[in-house]
Amino acid sequence: MPRLFTALEIPRHIALSLSLLRGGLPGARWIDVDNYHITLRFIGDVDGRTADEIVDRLDRIDREEFQLTLTGIGAFGSKKPHSIWAGVSPSPELQALQGEIDRICMRVGLAPDPRKFTPHVTLARLKNSRLDDVVQYLSGRGNFHTMSFTVPRFVLMSSKESVGGGPYLTEEVFPLQESLASYAAGELASESSVY
């Protein structure tokens, strides 16, 4: 069974902004642009029955789409950095969605995730990168941010056992409801085009 996790996809125009951060760091293995995502909950290797139960419960999540902005970059592993990431601006909607998914996973018998949820997009995995090189790389890109983008859905993804960084496969898609603000803006646009 492939390793499963829930995630948010990164729109193409945002992924292209992130791709401009690639390069300039010895020992970095850059993640392919098509594999950028924000992990919501790592599920791991589960049997088919458990996977079906998780999918059934995720399908019942009833939340509105929301806006996100990527901002800032950093590294995990303070003394020996092992990855470079782009951060996510604080979002109550993102935290609520992640919390609900986490509770669903625990209800079906999965262990709690031992790590605190830190939303991010992994940009590179590091192997033998010098701390000084990482600090220099980060200091030149600290003011990174993207335009905000709409999150219309979340997905269940799988990864084959590998060193990390993909390839990832979308197994299931879970749409979020169109928000009232988006709906109202669409209604106004269609009304004004009538006249």
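Tutor: A residue is called buried when its relative accessible area is under 20%, exposed when over 50%, and partly exposed in between (1.4 Å probe, protein chains only). This is a predicted model, in which local features need pLDDT of at least 70 and side-chain atom pairs count only at pLDDT 80 or more, while totals for chains, interfaces and linings use all residues. Residues are numbered from 1 along each chain as its sequence is written, and side-chain values use heavy atoms, with hydrogens and water left out.

Student: Is Asn128 buried or exposed?

Tutor: Asn128 belongs to the loop between β7 (120-126) and α4 (131-139), where helices (H or I, at least four residues) and strands (E, at least two) are DSSP runs numbered from the N terminus. Its phi is positive, about 60 degrees, although Asn128 is not a glycine. Because its relative accessible area is 62%, Asn128 is classed as exposed.

Student: Which residues does UniProt list for "active site"?

Tutor: The annotation comes from an unreviewed UniProt entry; such positions are given in the numbering used here, feature names are shortened, and annotations may be inferred rather than shown by experiment. The residues listed are His37 and His120.

Student: What is the largest C-alpha distance in that cluster?

Tutor: The listed residues, His37 and His120, are spread over 84 residues of sequence. They nevertheless cluster in space, the largest C-alpha distance being 8.1 Å.

Student: Is His37 buried or exposed?

Tutor: His37 is part of strand β3 (residues 37-44). Its relative accessible area is 12%, and therefore His37 is buried.

Student: How many salt bridges does a search of the whole structure find?

Tutor: Side chains of opposite charge can pair when their charged atoms come close. A salt bridge here requires a side-chain nitrogen of Lys or Arg within 4 Å of a carboxyl oxygen of Asp or Glu. The number of salt bridges found in the whole structure is 10.

Student: Which residue meets Glu100 in a salt bridge?

Tutor: The N to O distance in this salt bridge of Glu100 is 2.6 Å. The pair links distant parts of the chain, 37 residues apart: Glu100 sits in helix α3 (residues 92-107), and its partner in the loop between α2 and β4 (66-68). At 26% relative accessibility, that partner is partly exposed, and the residue is Arg63.

Student: What separates the closest N and O atoms of Asp113 and Arg115?

Tutor: Asp113 is partly exposed, with a relative accessible area of 24%, whereas Arg115 is exposed at 59%. The two form a salt bridge whose closest N and O atoms are apart by 3.5 Å.

Student: Which residues are linked with Arg130 in a network of salt bridges?

Tutor: The side chain of Arg130 meets that of Asp132 at 3.6 Å, N to O. Asp132 is exposed, its relative accessibility being 53%. The residues linked with Arg130 in the network are Asp132 and Asp133.

Student: What is the C-alpha to C-alpha distance between Ala15 and Asp32?

Tutor: Ala15 is placed in helix α1 (residues 12-19), and its relative accessible area of 3% makes Ala15 buried. Ala15 and Asp32 are 17 residues apart in sequence, and their C-alpha atoms are apart in space by 9.8 Å.

Student: How far apart in space are Pro11 and Thr150?

Tutor: Pro11 occupies the loop between β1 (3-9) and α1 and is partly exposed, at 21% relative accessibility. Pro11 and Thr150 are 139 residues apart in sequence, yet their C-alpha to C-alpha distance is 8.8 Å.
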